[in-house]
Amino acid sequence: MPRRTLQGTVISNAGTKTVIVRVDRRFAHPVYKKVIRRSKKYAAHDEGDNCQIGDVVRIRESRPYSKSKCWEVIADTA
């Protein structure tokens with residue numbers, strides 16, 4: 001089964017080898033048809049510890065690294 005990949009913005013890099021990535025999505029409201037923005041934060045493993053705040057990165061599902069970290073950074077797209 002393929003791993004999911006998401007694209008988002010790094011909003012925190014305070015942890016060692018960990019970054020927090022905000023992934024935004026847009027969808028139409030089912031009744032009112034207005035476009036709504038929603039975001040979710042993911043903790044991702046950054047092995048090289050080289051992501052900075054504001055970087056646009058791609059993350060993919062991986063094995064659990066900790067209780068809340070089961071994503072890994074695969075590429076900087078910025």
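This short talk describes the fold, the surface and the cysteines of one protein. Please keep in mind that the model is predicted.

Let me begin with the secondary structure. The protein has 5 strands and 0 helices. If we read along the sequence, the pattern is therefore β-β-β-β-β. Taken along the principal axes, a box of roughly 45 × 30 × 20 Å holds the C-alpha atoms.

How much of the chain is buried? Of the 78 residues in the protein, 27% are buried. Turning to contacts with a separation of 6 or more, 46% of them join residues 24 or more positions apart.

Next, the surface and the charges. About 5700 Å² of the protein is accessible, and carbon and sulfur atoms account for 49% of that surface. The protein carries 17 positive and 8 negative charges, and the mean positions of these two groups lie 12 Å apart.

I come now to the cysteines. A disulfide is a covalent bond between the sulfur atoms of two cysteines. How many disulfides does the model contain? The count is 0, with a pair of cysteine sulfur atoms required to lie within 2.5 Å. Why does Cys51 form no such bond? The closest cysteine sulfur belongs to Cys70, and because it is 17 Å from the sulfur of Cys51, the two are too far apart for a bond. Cys70, likewise, is in no disulfide.

Are these two residues buried or exposed? Cys51 is buried, with a relative accessibility of 2%, whereas Cys70 is partly exposed, with a relative accessible area of 34%.

Definitions and conventions. Residues numbered from 1 in each chain as written. Predicted model: local features only at pLDDT ≥ 70, side-chain atom pairs only at ≥ 80, totals over all residues. Heavy atoms only, no water. Buried < 20%, exposed > 50% of the residue type's maximum accessible area, 1.4 Å probe, protein only. Helix = DSSP H or I, 4+ residues; strand = E, 2+ residues; numbered from the N terminus. Contact = heavy atoms within 4.5 Å. Areas by Shrake-Rupley, 256 points an atom, 1.4 Å probe, with all protein chains shown as cover. Lys, Arg positive; Asp, Glu negative; His and termini not counted. Charge placed at Lys NZ, Arg CZ, Asp CG, Glu CD.
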